[in-house]
Amino acid sequence: MKLIIAIVQDEDSSRLLTGLMNKGFGVTKLATTGGFLRAGNTTLLIGVEDDKVPEAISAIESVCKSRKQLTAASTSTVGVSAGGFVPFPVEVTVGGATLFVLSVDQFMKV
């Protein structure tokens, strides 16, 4: 048995949860926050039999696509009369999924 830890963007989580559950995968959802954009993420814990790992990964890939998004970055204005930071738009790549596939030595429901 394997445990897939999937970190996905909140925007993709509902569709992904529905798709995984419709395929018979057990999923636990955790609300998490990303470090880079400090945006909401969802971390999914998915228990999978070894032979079903490719199917689960394929389901994740079909929903979690990378895309471009504008976000506000800031630059220091030291020496300028106003001082502080000035925000400006920066295009970043978001979405997709970060997956960890771990071997599970023992699984039980109590």
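**A guided tour of the predicted model**

Among contacts in the chain between residues at least 6 apart in sequence, 65% join residues at least 24 apart. The structure on display is a predicted model, and the tour begins with the whole chain.

**The whole chain.** Display the chain as a cartoon and follow it from its start. The chain contains 2 helices and 6 strands, arranged along the sequence in the pattern β-α-β-β-α-β-β-β. Next, switch on the surface. The accessible surface of the chain amounts to about 7300 Å², and carbon and sulfur atoms account for 56% of that area. Of the 110 residues, 25% count as buried.

**The nonpolar core.** Now select Ile4, Leu16, Leu20, Leu44, Ile46, Val48 and Ile60, and show their side chains. These residues have the most contacts inside the largest nonpolar core, which has 16 residues. At least two residues of this core come from each of four elements: strand E1 (2-9), helix H1 (10-22), strand E3 (40-48) and helix H2 (53-63). Helix H2 supplies the largest share, 5 residues. As background, nonpolar side chains in soluble globular proteins tend to be buried together.

**Around Ile4.** Centre the view on Ile4. Leaving aside residues up to four places away in sequence, Ile4 touches a set of residues including Leu44, Ile46 and Val48, then Val53, Ala56, Ile57 and Ile60, and also Leu99, Phe100 and Val101.

**Helix H2.** Select residues 53-63, the span of helix H2. Which residues of H2 are buried? They are Val53, Ala56, Ala59, Ile60 and Val63. Looking down the axis of H2, one finds these buried residues within an arc of 130°, so they line one face of the helix. In general, an α-helix has 3.6 residues a turn, so residues three or four places apart point the same way. Rotate the view to the other side of H2, where Pro54 and Glu61 are exposed. To see what covers the buried residues of H2, add neighbouring elements to the display; the cover includes E1, H1, E3 and strand E6 (97-103).

**The salt bridge.** Finally, select Lys52 and Glu55. The side chains of Lys52 and Glu55 meet in a salt bridge, with a distance of 3.6 Å from N to O. A search of the whole structure finds 1 salt bridge. Side chains of opposite charge can pair when their charged atoms come close. Are the two partners buried, partly exposed or exposed? Lys52 counts as partly exposed because its relative accessibility is 38%. Glu55 likewise counts as partly exposed, at 31% relative accessibility.

Key. Residues are numbered from 1 along each chain as its sequence is written. This is a predicted model: local features need pLDDT of at least 70, side-chain atom pairs count only at pLDDT 80 or more; totals for chains, interfaces and linings use all residues. Side-chain values use heavy atoms; hydrogens and water are left out. A salt bridge is a side-chain nitrogen of Lys or Arg within 4 Å of a carboxyl oxygen of Asp or Glu. Buried means under 20% relative accessible area, exposed over 50%, partly exposed in between (1.4 Å probe, protein chains only). A nonpolar core is a set of buried Ala, Val, Leu, Ile, Met, Phe, Trp, Tyr and Cys residues joined through side-chain atoms within 4.5 Å. Contact means heavy atoms within 4.5 Å. The arc is that of the directions from the helix axis to the C-beta atoms. Accessible areas come from the Shrake-Rupley method with a 1.4 Å probe; for residues, only the protein chains shown count as cover.
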